[in-house]
Amino acid sequence: FMHNGAVGRFLKVKRNLISKLSNQVYYNIQGTTDSEHIFSLFLDILGKEGEDPDISPETVKQALVKTIHIILKLVTMIETPADQHMYSSLNLAVTNGNIVVSTRYRDGPEDPPSLYYHTFDRYELKSDGHVATHPYKPYEIPGAVIVSSEPITEDPEGWTLLEKNTVLVCQKDNILSIDRITEDDKEMHFTEWSNKPFLL
């Protein structure tokens, strides 16, 4: 799991968040960062499905989007009309070794931190620390995909900046899909989560 960004008013959000986490997830929290608590919420949403090595990319994607929606709702819930809204940046990435799901998200007018992806036949880490690329033919499926906050190869060409408020899914065969994250289902996702019974 990776998180680059920050949750607005996190100290107050954390107090409400942990009160609804299942015991199984809550007792595994070791630190105090917003990143670990976001991950805990994500695991709570996945539940037993998260233990399936053949979990579908769509299930992981939906759980990550729900995580974003719930965090955003928790922020607005603790703000009063007199408060200036504090925005959240939620660049997230999760993998189980078979699939990767990444988001680039911010709920305010500014851009979130950058997030790029790059596809090639294979990559080679050289002794000087640089990453060399080995291209694939246009009709071939890429043999490797890198998702990174910044371009990391010797040749900066070929890196694509993920658009703001989108989710990238990389399946086991390195087929990529990108979808826009909207707030259409935010209220429903929060209600489903907040009303669910505790998982002991």
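# A Guided Tour of Helices, Salt Bridges and a Pocket

Begin by selecting Glu187, which is partly exposed because its relative accessible area is 43%. The model in the viewer is a predicted one.

**Stop 1: from Glu187 to Lys73**

Keep Glu187 selected and add Lys73. These two residues form a salt bridge, and their closest N and O atoms lie 3.2 Å apart. The pair links distant parts of the chain, since Lys73 belongs to helix H4 and Glu187 to helix H5 (residues 186-195), 114 residues apart. Is Lys73 buried or exposed? With a relative accessible area of 17%, Lys73 is buried, because the limit for that class is under 20%.

**Stop 2: along helix H4**

Remain in helix H4 and select Glu58 together with Lys61. Their side chains meet in a salt bridge of 3.3 Å, taken from N to O. Glu58 and Lys61 are three residues apart in helix H4 (residues 57-78), so about one helical turn separates them. The accessibility of each partner may be examined in turn. Glu58 counts as partly exposed because its relative accessibility is 42%. Lys61, at 10% relative accessibility, counts as buried. Now add Asp179 to the selection: salt bridges that share partners join Glu58, Lys61 and Asp179 into one network.

**Stop 3: Lys48 and Glu51**

Next, select Lys48 and Glu51. Their side chains meet in a salt bridge with an N to O distance of 3.9 Å. Both of these residues are exposed. How many salt bridges does the count come to? The count comes to eight salt bridges. In general, side chains of opposite charge can pair when their charged atoms come close.

**Stop 4: Asp34, a charged residue without a salt bridge**

Move to helix H3, where Asp34 is found. Asp34 is buried yet has no salt bridge. Which side chain of opposite charge is nearest to Asp34? That side chain is Lys14, at 9.9 Å; a salt bridge would require the atoms to be within 4 Å, so this pair does not qualify. Display the backbone of Val7 as well: the backbone nitrogen of Val7 lies 3.1 Å from a polar atom of the Asp34 side chain.

**Stop 5: two loop residues and Ser40**

Select Leu21, which is placed in the loop between helix H1 (10-18) and helix H2 (23-26). Leu21 counts as buried because its relative accessibility is 2%. Add Ser40, which is 19 residues from Leu21 along the chain; the C-alpha atoms of the two are separated by 7.9 Å.

Then select Tyr27, in the loop between H2 and H3. Is Tyr27 buried or exposed? Tyr27 is exposed, with a relative accessible area of 61%. Between Tyr27 and Ser40, 13 residues apart along the chain, the C-alpha separation is 10.0 Å.

**Stop 6: the second largest pocket**

For the last stop, select Phe42, Leu46, Gly50, Thr95 and Asn96. Of the 14 residues that line the second largest pocket, these lie nearest its centre. Helix H3 (34-46) and strand E2 (89-95) are the elements that give two or more residues to the lining of this pocket. Which element supplies the largest share of the lining? The largest share, four residues, comes from H3. By class, the lining has ten nonpolar, three polar and one charged residues. The volume of the second largest pocket is about 190 Å³. In general, rolling a probe the size of a water molecule over the atoms shows where empty space is left.

Technical notes: Residues are numbered from 1 along each chain as its sequence is written. This is a predicted model: local features need pLDDT of at least 70, side-chain atom pairs count only at pLDDT 80 or more; totals for chains, interfaces and linings use all residues. Side-chain values use heavy atoms; hydrogens and water are left out. On a 1 Å grid over the protein atoms alone, a cavity is a set of points where a 1.4 Å probe fits but cannot get out, and a pocket is an open set with protein on both sides within 12 Å along at least five of seven lines; lining residues have an atom within 4 Å of a point. Grid points are joined across faces, edges and corners, and a volume is the space filled by probe spheres set on the points. Ala, Val, Leu, Ile, Met, Phe, Trp, Tyr, Cys and Pro count as nonpolar, Asp, Glu, Lys and Arg as charged, and the others, Gly among them, as polar. Buried means under 20% relative accessible area, exposed over 50%, partly exposed in between (1.4 Å probe, protein chains only). Lys and Arg count as positive and Asp and Glu as negative; His and the chain ends are not counted. A polar contact is a pair of N or O atoms within 3.5 Å; within protein, one must be able to donate a hydrogen and the other to accept it, and residues adjacent in sequence count only if both atoms are side-chain atoms.
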